[in-house]
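Okay, hi everyone, thanks for making room for me today. Let me put the structure up, and then I'll talk through the sheet and the pockets.

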Amino acid sequence: MKVLLDTCVLFPTVMREVLLGVAGQGLYTPLWSARILEEWARAARKLGPEGETIARGEIAQLRAAWPKAEVVWKPSLEDRLWLPDVNDRHVLAAAIAGSAEVLVTMNASDFPRGLLAEEGLSRSDPDAFLLGFWQSNPEAVQEVCTRVLSTARRLSGDDWQMRPLLKKARLPRLAKAVG
């Protein structure tokens with residue numbers, strides 16, 4: 001299954017790491033566009049002067065790890081699309097161009113289900129999306145979450161616990177399931 005990941009699920013880090021960890025288990029194929037990655041880099045400026053630099057390094061690693069994930073399209077595709085926020089048309093265009101089945105986003109109001117269905121797409125928030133994989137393959141998702149927890153502890157120097165880490169990452173149902 002091909003899945004387009006919106007900027008808002010690639011940044012913040014923990015959410016991205018869980019989503020891509022599950023993709024790394026072979027449970028789905030992630031997709032994005034150059035513009036989505038650029039939005040992530042610009043959003044990282046909020047973290048301070050080094051935020052964008054770190055994000056660009058992470059983006060380079062992402063591109064190396066997933067060389068076929070970045071999709072492109074003709075401008076005419078974006079021109080024919082309508083969404084409540086014109087600035088999100090590129091996300092829908094990327095999903096269509098990549099033949100995605102699902103668009104994972106936190107911005108439900110910007111991507112009405114009816115409009116997505118006309119393009120053969122469904123929409124999911126990252127928590128529901130990941131919970132679905134946990135229900136069908138709990139061992140794989142548990143392994144990913146354990147790895148992300150270990151990395152969070154190492155990088156932050158804090159003794160994170162699984163449930164608070166995933167809740168902070170806006171994955172509360174997954175947090176409850178994984179424990």
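**The sheet and two pockets**

So, strands β1 (residues 2-5) and β2 (residues 29-33) run parallel, paired over three bridges. Keep in mind that this is a predicted model. Within that pairing, Lys 2 has Thr 29 of β2 as its bridge partner, and Leu 4 sits opposite Leu 31 in β2. Leu 4 also stands opposite Leu 103 in β4, since we're on that residue. That's the other pairing of β1: with β4 (residues 102-104), again parallel, over three bridges.

Zooming out, the order is β3-β2-β1-β4-β5, an open sheet of five strands with parallel pairing. β3 (70-71) and β5 (122-124) are at the edges with a single partner strand each, so one side of each has no neighbour in the sheet. Helix α3 (residues 34-43) packs on the sheet and touches β1, β2 and β3, at about 75 degrees to the direction of β2.

Okay, pockets. What is the volume of the largest one? About 750 Å³. It has 25 lining residues, and Thr 13, Val 14, Glu 17, Thr 151 and Leu 155 are the closest to its centre. Helices α2, α4, α9 and α10 each give two or more residues to that lining, with α9 giving the most, eight. By type, you get 14 nonpolar, five polar and six charged.

The second largest pocket is about 230 Å³. Its lining includes Phe 11, Trp 40, Ile 54 and Glu 58, and here α4 gives the most, four residues. The split is seven nonpolar, two polar and two charged. Thr 13 is in this lining too, having come up at the largest pocket.

Definitions and conventions. Residues numbered from 1 in each chain as written. Predicted model: local features only at pLDDT ≥ 70, side-chain atom pairs only at ≥ 80, totals over all residues. Heavy atoms only, no water. Pairing = 2+ DSSP bridges. Contact = heavy atoms within 4.5 Å. Axes fitted to C-alpha atoms, helices over the stretch in contact; angles between N-to-C directions. 1 Å grid on protein atoms, 1.4 Å probe; cavity = no way out; pocket = protein on both sides within 12 Å on 5 of 7 lines; lining within 4 Å. Points joined across faces, edges and corners; volume = space filled by probe spheres on them. Nonpolar A, V, L, I, M, F, W, Y, C, P; charged D, E, K, R; others polar.
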